[in-house]
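This report describes the interior packing, the empty spaces and two unusual backbone positions of one protein chain. The structure to which the description refers is shown first.

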Amino acid sequence: MQIQQSSHSLNQHTLYFAGGCLWGVQEFMKYLPGVVTTEAGRANGTSNTTQGEYDGYAECVKVTFDIQEVTLNELIGYFFEIIDPYSINKQGNDVGEKYRTAIFSQDSNHLNITRDYISQRDDAEKIAVQVAPLTNYVPSDPDHQDRLTNHPNDYCHIPIDLLHKYK
């Protein structure tokens, strides 16, 4: 397991958002109010490397945020702007288990807040977003970090006006 505890201040928390191709999720999340850092990666696979066969991971973005600037509910709300929460293993043209929607955390309180957020929605019974403990995290290779910042013409399933809504 390659989960690393960080030395962030008490006001900084970390969540892992899986919403289809991680390029677009990272590009969207990095500009949100209160977001301190983002990192593209893989959540809850069985391997500690990006090499080899698919191992059950979800493409995700590790998001560290300041709770004095953005609440967990607000951050989840932003995330719901860019996903189809009813779709199973598909976002845009990206299809497969690694493109599932999910929110992972090492903090059970984060998971409870996320479940409460979903249960309060009018469409809660239709939502297919997985909410689960983070059991493994592997950072993506360097060429996948900030991919759409460095290569803005690459494919993204999120429409450009939405992608940069908060930029």
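A residue is called buried when its relative accessible area is under 20%, exposed when that area is over 50%, and partly exposed in between. The model to which this scale is applied here is predicted.

**Two loop residues with positive phi**

Most residues other than glycine have a negative phi. D146, although it is not a glycine, has a positive phi of about 50°, and it is found in the loop between β8 (137–139) and α4 (147–150). Because its relative accessible area is 27%, D146 counts as partly exposed. N89, likewise a residue other than glycine, has a positive phi near 60°, and its place is in the loop between α2 and β4 (90–91). With a relative accessible area of 28%, N89 is partly exposed.

| Residue | Phi | Loop | Relative accessible area |
|---|---|---|---|
| N89 | near 60° | between α2 and β4 | 28% |
| D146 | about 50° | between β8 and α4 | 27% |

**The nonpolar interior**

The largest nonpolar core has 36 residues, of which F17, F28, M29, L75, F80 and I82 touch the most other members. At least two residues of this core are supplied by each of β1 (12–19), α1 (22–29), β2 (35–43), β3 (58–66), α2 (72–82), α3 (108–119) and α5 (160–163). The largest share, seven residues, comes from α2. Apart from this core lies another one of 10 residues, among them C60, A102, L134 and Y137.

The helix α2 is itself mostly covered, since eight of its 11 residues are buried, namely L72, L75, I76, G77, Y78, F79, F80 and I82. When residues up to four places away in sequence are not counted, F80 touches P85, Y117, I118, R121, I127 and V129.

Which elements cover the buried residues of α1? Those that do so include β1, β2, β3, α2, α4 and α5. Eight of the eight residues of α1 are buried, so this helix is largely enclosed by the rest of the structure. The buried residues in α1 are L22, W23, G24, V25, Q26, E27, F28 and M29.

**Pocket and cavity**

L22 of α1 is also one of the residues that lie nearest the centre of the second largest pocket, together with R42, E59, K98 and H144. This pocket has a volume of about 200 Å³, and its lining comprises 14 residues, which divide into six nonpolar, three polar and five charged.

As for enclosed space, the count comes to one cavity of 30 Å³ or more. The largest cavity holds about 40 Å³ of space and is lined by R42, A43, N44, G45, S47, T49, D55, Y57, N136 and V138. Its lining residues divide into three nonpolar, five polar and two charged. R42 therefore has a place in both linings, that of the largest cavity and that of the second largest pocket, because a lining residue is one with an atom within 4 Å of a point of the space concerned.

**The annotated span**

An unreviewed UniProt entry places the feature "domain: Peptide methionine sulphoxide reductase MsrA" at residues 15–157. In the model, the end C-alpha atoms of residues 15–157 lie 22 Å apart, and the span is 24% helix and 27% strand.

Methods. Residues are numbered from 1 along each chain as its sequence is written. This is a predicted model: local features need pLDDT of at least 70, side-chain atom pairs count only at pLDDT 80 or more; totals for chains, interfaces and linings use all residues. Side-chain values use heavy atoms; hydrogens and water are left out. A nonpolar core is a set of buried Ala, Val, Leu, Ile, Met, Phe, Trp, Tyr and Cys residues joined through side-chain atoms within 4.5 Å. Buried means under 20% relative accessible area, exposed over 50%, partly exposed in between (1.4 Å probe, protein chains only). Helices (H or I, at least four residues) and strands (E, at least two) are DSSP runs, numbered from the N terminus. Contact means heavy atoms within 4.5 Å. On a 1 Å grid over the protein atoms alone, a cavity is a set of points where a 1.4 Å probe fits but cannot get out, and a pocket is an open set with protein on both sides within 12 Å along at least five of seven lines; lining residues have an atom within 4 Å of a point. Grid points are joined across faces, edges and corners, and a volume is the space filled by probe spheres set on the points. Ala, Val, Leu, Ile, Met, Phe, Trp, Tyr, Cys and Pro count as nonpolar, Asp, Glu, Lys and Arg as charged, and the others, Gly among them, as polar. UniProt positions are given in the numbering used here, feature names are shortened, and annotations may be inferred rather than shown by experiment.
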